[in-house]
Amino acid sequence: MNALSTDPNKKKPTAKSEALITRRTAALGVGGLGVFGILAGRLYQLQIEQSENYLALSEDNRFNFRTIVPSRGIIRDRYGEALAANTLNYQIELVPEQIDDLDLALGRLSNIVSLSDREIAQVKRDVSRKPGFVPVTAKDHMEWDDFAALNMRAHALPGITPRAGEGRSYPDDGLFSHVVGYVGKANDADVAEDDDPLLLQPGFRLGKTGVEQAADDRLRGKAGRLQIEVNARGRVVREWPGKSEKAVTGEDVYLTLDADLQRYAAEQFGEDAGGIAVMDVMTGELRTLLSMPLFDSNLFVSGLTQAYMDKLNNDEKRPQYNKVYSGGYPPASTYKMAVMLAALESGKIDPRQRIFCGGRVRLGNRLFHCWKRQGHGSVDLRYSLKQSCDTYYYEISQIIGVEAIADMARRLGLGQRHGVGIAGEQHGIVPDPAWKRERMGAGWHMGDTLNSSIGQGYVLTSPMQLAVMTARIANGRSAVSPTLFAGQDIAPFPDLDIDPDHLAIVQDAMWSVTQEPGGTAYRPNGTGLPGIDMAGKTGTAQVRGISLADRAAGLHKNDRLPWKYRDHSLFVAYAPYDAPRFAVGCVVEHGGSGSGRAAAIVRSVLGEALRRDGLGQQTQNATETDVL
Amino acid sequence: MTVRFEEFDGVGSKLFQINWLLPVLAGVLGLVGVLAILSANNGIWTHGAMQHGVRLAFAFLIMLGVALTNIRVWYTLAYPVYFVALVLLVGVEFLGVNVNGSVRWLQLGPIRVQPSEVMKPAVVLALARFYHDLPAWRVSSPLGLAGALFLIAAPMALVLRQPDLGTSLLIAATGASLVFLAGVSWRIISLGSVLAAVSIPVVWQFGLRAYQRERILTFIDPARDPAGASYHITQSKIALGSGGLSGKGFMQGTQRQGGYVPENSTDFISTVIGEEFGFVGSLALIGLYIAVIAACIRLSLQCKAVFSRLLILGLTTTFALYIFINLGMVMGLLPVVGVPLPLVSYGGTVILAVMGSFGLMLSAHVHADTLLPRND
């Protein structure tokens, strides 16, 4: 080895290779420094130049906003009574990560609160789908007793929390279901057309029908935001109330309805089906808009059972159908005022002119019957309405023509929507030749005119439209339209443009119906308020033609027919006669003669409306005070 | 000039002769690592920081032991170590333990070794010995080239099969730089570069596994996989970038607190430093590494023997490549390959490997005057 290092010949190449290595080391060192330079440059780019960007991104990572669902506005009647309110919804929340054994915990929970197999399966599904720290709702809309019991034992159930959230409730078991509607979870279609972040919140409910839907923008309020800090797994690390926005509670919405009057009207209906509208003849404000029978819209919020749904759908009285507003019924004899006014306006009919009623009219080879088989004898215009003589209208309609009748009916508010503001309002039908050609592709026959003249055939109206018609007759000057939302600006009503003399004749005839002995709806002291007269008109709408065979079998007696084939009972009225305040339109489905069921309901409701408005005899207490 | 023949002669005086700059710098880096790991684990000492400190201390002793061993021992052991490492690598092929889909570990009784880690210094030892023994004029000759090529290619191929692309490239790069340092002619260098460039498509098609190709593609086009591999890089860049000039403060990093950057105790530890100490802190870290590398190069220049020089430079190259690849990956300049940041990242094997190689360097330097046999 010594020899190796001392050999002079070998020393030179070693020195040479040493120098080479040094040079190469320097080259590599410079290269390495260059790489470090690139790294430093990249750091400069990231940490100095783009720092703000990345800082923003890191804030994005870190901060999130939780949407706070605002309280929904209350829907109230004209006096402030809540028709749709927010109540506490007692729930059980369960945080999976705080529970060791889910089956055991659910078992313990079901010892306190009843949990169906379906609810348990639902909880297990939710737990398996969501991260462990996201609370799962184990039960919704609990009874207070259960909730209280759970609160007592909550300490023994880690991970299970009783919670009181906000839920929508409708007082009076659905008295206002048809008008107020109900709320529900937003579905995919709702989310598609509305980008409000609230719609994605599990606790949020959206107006689905009625006022809840129509005034949803006002009722909904504005979402609040709570800034939260989250980690990479989405767990909330802490809340930052400083940068948060409070939720704005939804506006209260006032309706023109009078809850007590509506309740009273519902009582008058009892088990019967139908609709009634009570309307202010001056302002058009609807005091009552009731469809019977009722259904409980609370069940649509808290979860509908299939059994209840089936019950609703199979009920021949169709509880969900808004009869007062969306219903279409032949107005029957209540249409006769329109015919009368058209006849007077045409100038072709003298009110004193008498027409003989023999119980039927022959047109070609068809017979048109008057409701009174034996005929009314000699009938003038006033008597024709008082007695509701069909023959009189068969005759005059042939003289004045159906166009004049249809035109008058429309001017009285039939055959059109009034834009009350909730979905489902129907046009109804005021038929004329043009309508029939367009809709049925068939020509108009004189028979159609005769049918129309007594409000049968193609004519269809809703109880609300009948109330509008009556209100316009009673008002006499302006073409009143109904309103449901209180406090909204209403354009002045257009002129009714009907000769006041003609209206006076019709009003007098309507008075005779209810106030004169012999009138179809005569009762002494009809409204129940001494000194206050009412004017009205009955209607009995045939649901099904009565065949000769039926007559032979005696089946034309209405009360012996199956319910769904019986006549509809209609009544329209206004009061007080000399200074009209309210007009009513009422249909009792398959309620028989108009002079019976519908007239009785209208009499009491109209009386109650007037009493509540400060007219006539006051409450029981007021009477007692008087005596004292 | 004193010539010592006794391998363990004069331990006391040797301790004096050790160049203490390198151990001190390594200690500082290790301390930076302890603090960064502490922060990455929310200030809990027992979640890594303490273990890191203990391992550093242990590795420090190993380093001293290696440093005090005569360089002749390492010279003699160069080939045996290389061949043992090669055998272990072959053993992995047949008896390896599968961890996370790649077979890198070998269970030897109670201990589990990663032969590819052993191979990194072993290749350097073998190549240094090879060039030390090879006459300078044969460096560019076919025989010299073939020998070097075998020493590099054999472990590389075995590591690539595990599959461990990162380590295999590391071995290749270290080997290539040693060939360069040994003085291979520029003609061969250019030829080699061209060959390497041509072989890239071939390696792409046949040498890489699907997930490796996927990683590289994701690196080139991050939109391919926003939630997967590129999530790593995106969050890592956010952590660094949001640190800004001076950082968010020690233990104040929000990206770190939120747990947005995965593996931030190990491979992505520099994101913690970058986020909490900003550009200034990152530069200081790079500065420390440059200082370590400069100290190593200085050690090599003070040696005369080709073996010593190439040994130090080769090990330094491995060390530098660790840093380049790790930082490049964290900053989004390179694909994610799973290379730790030496001395700072949590993990025992790397600390041991790095401190061991520092020991070798120091040994070479302390024994700079020891003559090694050479047959030019």
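**Cores and a helix pair in a predicted model**

In this predicted model, the largest nonpolar core brings together 123 residues, and Val278(A), Phe582(A) and Val584(A) are the ones that touch the most other members. Two domains of chain A share in building this core: domain 1 (66–254) and domain 2 (259–294 + 322–620) both give residues to it, so the core lies between them. Val278(A) gives a good look at the surroundings. Setting aside neighbours within four places in sequence, Val278(A) is in contact with Phe582(A) and Val584(A), and also with Leu261(A), Leu286(A), Arg287(A), Thr288(A), Ala467(A), Val605(A) and Ala609(A). Apart from this core lies another one, made of 121 residues, including Val118(B), Leu170(B), Ala182(B) and Leu313(B).

Zooming out to chain A as a whole, there are 25 helices and 19 strands. Of its 628 residues, 41% are buried. Among the contacts in chain A with a separation of 6 or more, 73% are between residues 24 or more positions apart.

Over in chain B, a pair of helices is worth a look. The axes of H5 (residues 115–133) and H7 (residues 165–181) of chain B come within 10 Å and cross at roughly 10°. Angles under 35 degrees count as roughly parallel, and H5(B) and H7(B) are therefore roughly parallel to each other. On the H5(B) side, the contact is made by Ser116(B), Met119(B), Lys120(B), Val123(B), Val124(B) and Leu127(B), while H7(B) brings in Thr167(B), Leu170(B), Ile171(B), Thr174(B), Gly175(B) and Leu178(B). Sorted by type, the residues of this contact come out as 7 nonpolar, 4 polar and 1 charged. Leu170(B), one of the H7(B) residues in the contact, also belongs to the core of 121 residues.

Note on methods. Residues are numbered from 1 along each chain as its sequence is written. Chains are lettered from A and ligands numbered from 1 in the order in which they are written. This is a predicted model: local features need pLDDT of at least 70, side-chain atom pairs count only at pLDDT 80 or more; totals for chains, interfaces and linings use all residues. Axes are lines fitted to C-alpha atoms, for helices over the stretch in contact, and angles run from 0 to 180 degrees between N-to-C directions. Helices (H or I, at least four residues) and strands (E, at least two) are DSSP runs, numbered from the N terminus. Angles under 35 degrees count as roughly parallel, over 145 as roughly antiparallel, 65 to 115 as roughly perpendicular and the rest as oblique. Two residues are in contact if their C-beta atoms, placed from the backbone, lie within 7 Å. Ala, Val, Leu, Ile, Met, Phe, Trp, Tyr, Cys and Pro count as nonpolar, Asp, Glu, Lys and Arg as charged, and the others, Gly among them, as polar. A residue is buried if 20 or more other C-beta atoms lie within 10 Å of its own, exposed if 12 or fewer, and partly exposed in between; C-beta atoms are placed from the backbone. A nonpolar core is a set of buried Ala, Val, Leu, Ile, Met, Phe, Trp, Tyr and Cys residues joined through C-beta atoms within 7 Å. Domain bounds come from an automatic or database domain assignment.
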